[in-house]
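Please open the model in your viewer and keep the sequence panel beside it, since the tour moves from one selection to the next and back to the whole chain at the end.

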Amino acid sequence: MADRPKVGVWVPNLLLRVPVDAAVGAADGWPGAVGGASEAVGQRCAVAVLDLEAAGAPAPAAIAEMTRAGIVVLAFGPHVEADALAAARRAGAVALPRSAFLQRLP
């Protein structure tokens, strides 16, 4: 496991978490639950997958913290939350509407 990249998964909804974990494992990554940016940084994740609904208002600050630490951030959220998706992109994440993210996940 040590040579597999650690992927911090900040996705508390199990219906979304299961396919994310499966895709990370299929890509030879090691998925691990994180509850915030500090935890992802502390665990030295290479990548973080972030549900913008779970992160809420502090998502842009959390994304910025992770990207400053060299973590690649993949974020997703409802397509009707265009402002939140745009804010995530400005903070340094690759941000997609949830439907597009899940479609591209495999």
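Two rings of Phe, Tyr or Trp are taken as an aromatic pair if their centres lie within 6.5 Å, and the pair is called stacked if the planes are under 30 degrees apart. In this predicted model, a search of the whole structure with that criterion finds 1 aromatic pair.

Select Phe 76 and Phe 101 to begin, for these two residues form the pair, which is stacked, with 4.5 Å from centre to centre and 15° between the planes. The pair links distant parts of the chain, as Phe 76 sits in strand S4 (residues 72-77) and Phe 101 in helix H6 (residues 98-104), 25 residues apart. With the surface switched on, Phe 76 counts as buried at 0% relative accessibility, and Phe 101 is buried as well, with a relative accessible area of 7%.

Keep both rings on display and add Leu 96, which belongs to strand S5 (residues 94-97). Leaving aside neighbours within four places in sequence, Leu 96 is in contact with both members of the pair, Phe 76 and Phe 101, and also with Ala 75, Gly 77, Leu 85 and Arg 104. A distance label drawn from Leu 96 to Leu 16 should read 14 Å between the C-alpha atoms, for two residues that are 80 apart in sequence.

Go next to helix H1 (residues 14-26) and pick out Arg 17. Is the residue Arg 17 buried or exposed? Arg 17 has a relative accessibility of 14%, and therefore counts as buried, the limit for that class being under 20%. Not counting residues up to four places away in sequence, Arg 17 touches Val 9, Val 11, Gly 32 and Ala 33. Measuring from C-alpha to C-alpha, you should find Arg 17 and Pro 78 to be 15 Å apart in space, with their positions 61 residues apart in sequence.

Now colour helix H4 (residues 59-68), whose buried residues are Ala 59, Ala 62, Ile 63, Ala 64 and Met 66. If you show what surrounds them, the cover over these buried residues includes strands S1 (6-10), S3 (47-51) and S4, together with helices H2 (37-42), H3 (52-55) and H5 (82-90). Just after H4, stop at Gly 70, where phi is positive at about 90°.

Two further residues with positive phi, neither of them glycine, are worth selecting in turn. Asp 28, with phi near 65°, is found in the loop between H1 and strand S2 (30-33), and counts as partly exposed at 48% relative accessibility. Arg 44, with phi near 55°, lies in the loop between H2 and S3, and is exposed, with a relative accessible area of 72%.

Finally, zoom out to the whole chain, which has 6 helices and 5 strands, arranged along the sequence as β-α-β-α-β-α-α-β-α-β-α. The radius of gyration is 12 Å, close to the 13 Å that the globule rule gives for 106 residues, so the chain is as compact as a globular protein of that length. The C-alpha atoms fill a box of roughly 35 × 30 × 20 Å along the principal axes, and 42% of the 106 residues count as buried. Among contacts between residues at least 6 apart in sequence, 63% join residues at least 24 apart. If you colour by charge, the mean positions of the 9 positive and 9 negative charges are 4 Å apart.

Conventions: Residues numbered from 1 in each chain as written. Predicted model: local features only at pLDDT ≥ 70, side-chain atom pairs only at ≥ 80, totals over all residues. Heavy atoms only, no water. Helix = DSSP H or I, 4+ residues; strand = E, 2+ residues; numbered from the N terminus. Buried < 20%, exposed > 50% of the residue type's maximum accessible area, 1.4 Å probe, protein only. Contact = heavy atoms within 4.5 Å. Rg over C-alpha atoms; globule rule 2.2 N^0.38 Å. Lys, Arg positive; Asp, Glu negative; His and termini not counted. Charge placed at Lys NZ, Arg CZ, Asp CG, Glu CD. Phe/Tyr/Trp six-rings, centres within 6.5 Å; stacked < 30°, edge-to-face > 60°.
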